[in-house]
Amino acid sequence: MEFPGSGNPECGDRRQAARRGTPHGCYVLSMARNRVLLALAAASILGAQGAATVWDGIYTEAQAKAGESLYAKNCASCHGKTLQGEGQAPPLAGSEFLMNWNGAAVGELFEKMQTAMPADNPGSLPPEQTASILAYMLNAGKFPAGSNALPADIEKLKQIRFEPAKGR
Ligand code: HEC
């Protein structure tokens with residue numbers, strides 16, 4: 001016969017605990033541990049989503065420069081010399097543009113440009129040129145340049161989001 005408490009005082013027999021009708025210490029502890037694990041998992045998912053924004057220096061100055069002449073040649077006729085928009089063609093920088101895209105992934109914008117623009121010859125530009133034009137648009141929109149060029153890769157660009165302001 002065992003005396004009460006002669007077994008493991010922390011983690012005794014679960015059946016015994018259930019019989020006593022009180023939540024056993026070990027059970028409570030493991031619930032707490034599960035909650036911590038869940039919280040950690042949630043935090044890492046959020047962390048991954050919040051990883052990159054247009055404020056993180058996602059294109060290079062050189063790329064924006066290359067995009068400037070490509071824009072002039074392929075887009076300015078409709079969207080205007082200073083990206084201000086004209087008639088049916090919306091602006092591609094500034095507050096109205098940002099209202100359309102805030103919270104969206106840069107990859108969505110890239111996809112739209114790559115597949116639907118230029119509207120008079122959709123899909124005619126190689127992805128690298130679209131990336132350069134996008135860099136030019138970001139530069140005109142006063143987002144900072146960085147040391148890595150914007151990739152012409154939709155999946156990568158989908159990891160980067162438009163955010164209203166620095167600091168999130
Ligand atoms: C023939 C005129 C024309 C040309 C050239 C043109 N666009 Fe457009 N673009 C439009 C029109 C009209 C719209 C609005 C309809 C739509 O969203 O499809 C538009 C929409 C867009 C949008 C969506 C803007 C938003 O906020 O929803 C982007 C981005 C864009 N154009 C980029 C470009 C780029 C980059 C080029 C050059 C490679 C280009 N366009 C060339 C006419 C043009």
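## A walk from α6 to the ligand

Start by selecting α6: its buried residues pack against α5, α7, α8 (154-157) and β2 (160-161). Keep in mind as you go that this is a predicted model.

**Stop 1: the two sides of α6.** Show the side chains of V106, L109, F110, M113 and Q114, which are the buried residues of this helix. Now turn the view until you look down the axis of α6: the buried residues fall within an arc of 130°, so they line one face of the helix. That pattern has a simple background: an α-helix has 3.6 residues a turn, so residues three or four places apart point the same way. Then swing round to the other side of α6, where T115 and A116 are exposed.

**Stop 2: along α7.** Next, select α7 (127-140). This helix has 14 residues, and from its first C-alpha to its last it reaches 20 Å, close to the 20 Å expected at 1.5 Å a residue. How much of α7 is covered? Mostly covered is the description, with 11 of its 14 residues buried. To see them, colour the stretch that runs T130, A131, S132, I133, L134, A135, Y136, M137, L138, N139 and A140. Bring α3 and α6 into view as well, since the buried residues of α7 pack against both. Before leaving, step just past the end of α7 to K142, which takes a positive phi of about 70°.

**Stop 3: the nonpolar core.** Stay with α7 and centre on L134, A135 and M137. These have the most contacts inside the largest nonpolar core, a set of 28 residues. Which elements give two or more residues to this core? They are α3 (61-74), α6 and α7, and α7 gives the most, with eight residues. For a close-up, pick L134 alone: leaving aside its neighbours within four places in sequence, L134 is in contact with L109, F110, M113 and L150. You have met L109, F110 and M113 already, among the buried residues of α6.

**Stop 4: around the ligand.** Finally, select the ligand and the 21 residues around it; C75, C78, M117, P118 and A119 come nearest. Two or more residues of this shell come from each of α4 (76-79), α5 (95-101) and α6 (106-116). The largest share, four residues, comes from α6, which brings you back to the helix where the tour began. Colour the shell by class to finish: you will find 14 nonpolar, five polar and two charged residues.

Key
Residues numbered from 1 in each chain as written. Predicted model: local features only at pLDDT ≥ 70, side-chain atom pairs only at ≥ 80, totals over all residues. Near = placed C-beta within 6 Å. Nonpolar A, V, L, I, M, F, W, Y, C, P; charged D, E, K, R; others polar. Core = buried A, V, L, I, M, F, W, Y, C linked by C-beta atoms within 7 Å. Buried ≥ 20, exposed ≤ 12 C-beta atoms within 10 Å, placed from the backbone. Contact = placed C-beta atoms within 7 Å. Expected span 1.5 Å × (residues − 1). Arc of directions from axis to C-beta.
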